[in-house]
Amino acid sequence: MSSDTATSTGPSPSVYVPSSEALATVLAPAARPPRPSPLAASLTFSWRALLKIKHVPEQLFDVTMFPIIMVLMFTYLFGGALAGDPRDYLQFFLPGIMVTSVVMITMYTAVGLNTDIEKGIFDRFRTLPVWRPAALVGMIFGDVLRYVLAATVILTLGLVLGFRPEGGPLGVLAGVGLLVVFSFAFSWVWTLFGLIMRNEKSVMGVSMMVLFPLTFLSNVFVEPSTMPGWLQAFVKANPITHLVSSVRAAMAGTTDTSAMMWTLGWSVLFVVVFGSLTMYRYNRR
């Protein structure tokens, strides 16, 4: 038995080819917008950091509840033993615990950066026609709000508990300003950590290993003169000691010129050294 197979083909459909004028109208309806300036790009990325807080407000726990716990715990746990009265101890202690709390939350800059990198977000950022460091600078600018908020929470609680800064509002603003400048510079240390560490747990672990000796082996809780000589040498060279002395003096209405110069010098050093290393690593990651 045989069968014949017939194949029929219909006319091919016509293909529409748009003209160059039509393509130009759709793809380029106007002149290309100018490239954003470094400041505009950085502010855009800082706004992104603030929007992350808006959508996940639990992120503010570390700048609200953590400072409150630190102030209450150390004031009433050690105040009576070290100064005879918690309120007297608060006059010495509050500028130091403000520094400790704000400096410790700077490590979350590294955690946030590392998380964004693991998700691939920064790979997209690096393809955008913007100033290359804008994503990192903007992220740190956004964190400045966290530092100011933490300092405000601690100061408000201190005033309720009996802290009375002799420097008045100007002295308090000067002290907070020094703290924010130092924290911004210190954040560049953590951006480098965020780039080189493999995951956020590693970032947290290494950051705490660095922060605990710096904050606790300082003049935050007691005067260095009560410490052994070998420990005093470390404490006096500690950048946190210089920062605490500067903030404490500003809030007391005086000026510790040496400590303030050391604080500003450390800030410049952190930005120049760790900022450069961060950008070198970021461009080659």
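A residue counts as buried when its relative accessible area is under 20%. Keep that cut-off in hand for this tour of a predicted model.

**Stop 1: Leu155**

Select Leu155, in helix H7. Its relative accessible area is 15%, so Leu155 is buried. Now show what surrounds it. Setting aside residues up to four places away in sequence, Leu155 touches Leu94, Met98, Phe163 and Val172. Draw a C-alpha to C-alpha distance from Leu155 to Val172: the two are 8.9 Å apart in space and 17 residues apart in sequence.

**Stop 2: the whole chain**

Zoom out and colour by secondary structure. The chain has twelve helices and zero strands. Follow it along the sequence and the pattern reads α-α-α-α-α-α-α-α-α-α-α-α. Of the 285 residues, 44% are buried. Next, consider contacts between residues at least 6 apart in sequence: 79% of these join residues at least 24 apart.

**Stop 3: the largest nonpolar core**

Select Met98, Val103, Leu179 and Phe186. These have the most contacts inside the largest nonpolar core, which has 49 residues. Which elements give two or more residues to this core? They are helices H3 (61-83), H4 (86-105), H5 (108-119), H7 (134-161), H8 (168-196), H9 (200-216) and H11 (239-251), together with H12. H4 gives the most, with eleven residues.

Stay with the core and centre on Leu179. Beyond residues up to four places away in sequence, Leu179 touches Met98, Val99, Val102, Val103, Ala151, Leu243 and Val247. Met98 should look familiar: Leu155 touches this residue too.

Then move to a second, separate core. This one has 17 residues, including Phe45, Phe122, Ala134 and Met139. Keep Phe45 and Met139 selected for later stops.

**Stop 4: Thr109**

Go to Thr109 in helix H5. Buried or exposed? With a relative accessible area of 1%, Thr109 is buried. Show its side chain with that of Tyr147: a polar contact of 3.5 Å joins the two. Apart from neighbours within four places in sequence, Thr109 is in contact with Met139, Ile140, Asp143, Tyr147, Ser187 and Thr191. Met139 is one of the residues of the second core.

**Stop 5: Thr278**

Leave Thr191 on screen and select Thr278. This residue lies in helix H12, which spans residues 257-284. Thr278 has 0% relative accessibility and therefore counts as buried. What does Thr278 touch, not counting residues up to four places away in sequence? The list is Leu136, Trp188, Thr191, Leu192 and Leu195. Thr191 is thus a contact of Thr278 and also of Thr109.

**Stop 6: the cavity**

Finish with empty space. Rolling a probe the size of a water molecule over the atoms shows where such space is left. How many cavities of 30 Å³ or more does a search of the whole structure find? The search finds one. The largest cavity has a volume of about 40 Å³.

To see its walls, select Phe45, Phe125, Arg126, Val130, Trp131, Arg132, Ala135 and Tyr282, which line the largest cavity. Colour this lining by residue class: six are nonpolar, none polar and two charged. The charged ones are Arg126 and Arg132. Phe45 ties this stop to an earlier one: Phe45 belongs to the second core and lines the largest cavity. Tyr282 lines the cavity as well, and its number falls within the span of helix H12.

Conventions: Residues are numbered from 1 along each chain as its sequence is written. This is a predicted model: local features need pLDDT of at least 70, side-chain atom pairs count only at pLDDT 80 or more; totals for chains, interfaces and linings use all residues. Side-chain values use heavy atoms; hydrogens and water are left out. Helices (H or I, at least four residues) and strands (E, at least two) are DSSP runs, numbered from the N terminus. Buried means under 20% relative accessible area, exposed over 50%, partly exposed in between (1.4 Å probe, protein chains only). Contact means heavy atoms within 4.5 Å. On a 1 Å grid over the protein atoms alone, a cavity is a set of points where a 1.4 Å probe fits but cannot get out, and a pocket is an open set with protein on both sides within 12 Å along at least five of seven lines; lining residues have an atom within 4 Å of a point. Grid points are joined across faces, edges and corners, and a volume is the space filled by probe spheres set on the points. A nonpolar core is a set of buried Ala, Val, Leu, Ile, Met, Phe, Trp, Tyr and Cys residues joined through side-chain atoms within 4.5 Å. A polar contact is a pair of N or O atoms within 3.5 Å; within protein, one must be able to donate a hydrogen and the other to accept it, and residues adjacent in sequence count only if both atoms are side-chain atoms.
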